[in-house]
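Hi,

Here is the structure I promised to pass on. Have a look at it first, and my notes on what I found follow below.

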Amino acid sequence: MNQKPISPELINATIEFHGHSCPGLAIGIRAAELAMDRFGRSIDEEIVAVVETDMCAVDAIQFLLGCTFGKGNLIHMDYGKSAFTFHSRQDGISIRIVARPNAIGDPGDELIALRTKKLKEKLAPDEQKRLKEATAERTRRIMEADIDKLFEVKPSQSPAPRKARILESLICQDCGEATMESRTRRLFGETLCIPCFEAAEKPRNP
Ligand SMILES: [Zn+2]
Ligand SMILES: [Zn+2]
């Protein structure tokens, strides 16, 4: 048996936060387990998570490690990988936790067929039940797997991101909304927010 630093109550609370139990969330819970083991829960901004996916797993990282967009210690890189880098600002340690290619396990032909069917039509009650069971089984396997079989721990590919600075706001000269200075654009001598800049740039319909 491997050590589980995350209590069943905390796991249930994570599932409640996410809205359902699924293999993706399970990967996130296990990645958080590995990170918590090294760093402990981030109380303020001392742990920064850089996540390379925006899928279910990230909800576990947010909930369990306290890394959130609002605090500025959750950064999304749209690479489509189950990879999570954690930087500790206190001691300068960084690790990148990468799910092994087979971490979630092979869904198998039956599950693939059921999922494909579900996209096109309503499943029969027994098919629904089967899909639910098979998904729950994959989730259970991830929750019980040896952590080393699920993930590879690599060095971080980049240093910890800078702390967010408080910037001035400028008023967009088109919509009149206050916009963070670093997100404004200049066009024909006017200061614009990004949506107004993009709308102004688009060629008009003939
Ligand atoms: Zn999910
Ligand atoms: Zn605007």
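**What I found**

Let's start at Phe-188, which counts as exposed because it has just 6 C-beta neighbours inside 10 Å, and 12 or fewer is the cut-off for that label. Before going further, please keep in mind that this is a predicted model. Phe-188 sits in the loop that links β8 (185-187) to β9 (190-192). Its backbone also caught my eye: phi is near 45 degrees, a positive value in a residue that isn't glycine. As a rule, most residues other than glycine have a negative phi.

Lys-163 is another loop residue, placed between β5 (151-155) and β6 (169-171). It counts as exposed too, because there are 10 C-beta neighbours inside 10 Å. Along the chain Lys-163 and Lys-71 are 92 residues apart, yet their C-alpha atoms are separated by 10 Å. Compare that with Asp-59 and Phe-151, also 92 residues apart in sequence, where the C-alpha separation is 18 Å.

How is the chain divided up? The domain assignment gives domain 1 (8-103 + 145-155) and domain 2 (169-201). The centres of the two, taken over C-alpha atoms, are 35 Å from each other.

Now for the helices. Packed pairs are generally described by the angle between their axes and the distance between the axes. For α2 (residues 23-39) and α3 (residues 57-65), that angle is about 40 degrees and the axes are 7 Å apart. The crossing is right-handed. By class, 13 nonpolar, 2 polar and 1 charged residues make up the contact between α2 and α3. On the α2 side you'll find Gly-24, Ala-31 and Met-36 among them, while the α3 side includes Ala-57, Ile-61 and Leu-65.

Is α3 enclosed or open? Largely enclosed by the rest of the structure, since 8 of its 9 residues are buried. Among the buried ones are Val-58, Gln-62 and Phe-63. They pack against α1 (8-18), α2, β1, β2 (74-76) and β3. One of the buried residues, Ala-60, touches Thr-14, Leu-25, Gly-28, Ile-29 and Ala-32, leaving aside residues up to four places away in sequence.

Asp-59 also belongs to α3. It is partly exposed, because 19 other C-beta atoms lie within 10 Å and a residue needs 20 or more to count as buried. Asp-59 touches Phe-17, His-18, Leu-25 and Gly-28, again leaving aside residues up to four places away in sequence. Right after α3 comes Gly-66, with a positive phi near 70 degrees.

Over in α2, take a look at Ala-26. With 27 C-beta neighbours inside 10 Å, it counts as buried. Its contacts, apart from residues up to four places away in sequence, are Thr-139, Ile-142 and Met-143. From Ala-26 to Ile-15, 11 residues apart along the chain, the C-alpha separation is 9.1 Å.

Last, the core. In soluble globular proteins, nonpolar side chains tend to be buried together. Here the largest nonpolar core has 31 residues, and Ala-31, Ala-32, Ala-49, Ala-60, Ile-61, Leu-65 and Phe-84 touch the most other members. At least two residues of this core come from each of α2, β1 (47-51), α3, β3 (83-88) and β4 (94-99).

Cheers

Notes: Residues are numbered from 1 along each chain as its sequence is written. Chains are lettered from A and ligands numbered from 1 in the order in which they are written. This is a predicted model: local features need pLDDT of at least 70, side-chain atom pairs count only at pLDDT 80 or more; totals for chains, interfaces and linings use all residues. Helices (H or I, at least four residues) and strands (E, at least two) are DSSP runs, numbered from the N terminus. Domain bounds come from an automatic or database domain assignment. Axes are lines fitted to C-alpha atoms, for helices over the stretch in contact, and angles run from 0 to 180 degrees between N-to-C directions. A crossing is left-handed if the near helix is turned anticlockwise from the far one by less than a right angle, and right-handed if clockwise. Two residues are in contact if their C-beta atoms, placed from the backbone, lie within 7 Å. Ala, Val, Leu, Ile, Met, Phe, Trp, Tyr, Cys and Pro count as nonpolar, Asp, Glu, Lys and Arg as charged, and the others, Gly among them, as polar. A nonpolar core is a set of buried Ala, Val, Leu, Ile, Met, Phe, Trp, Tyr and Cys residues joined through C-beta atoms within 7 Å.
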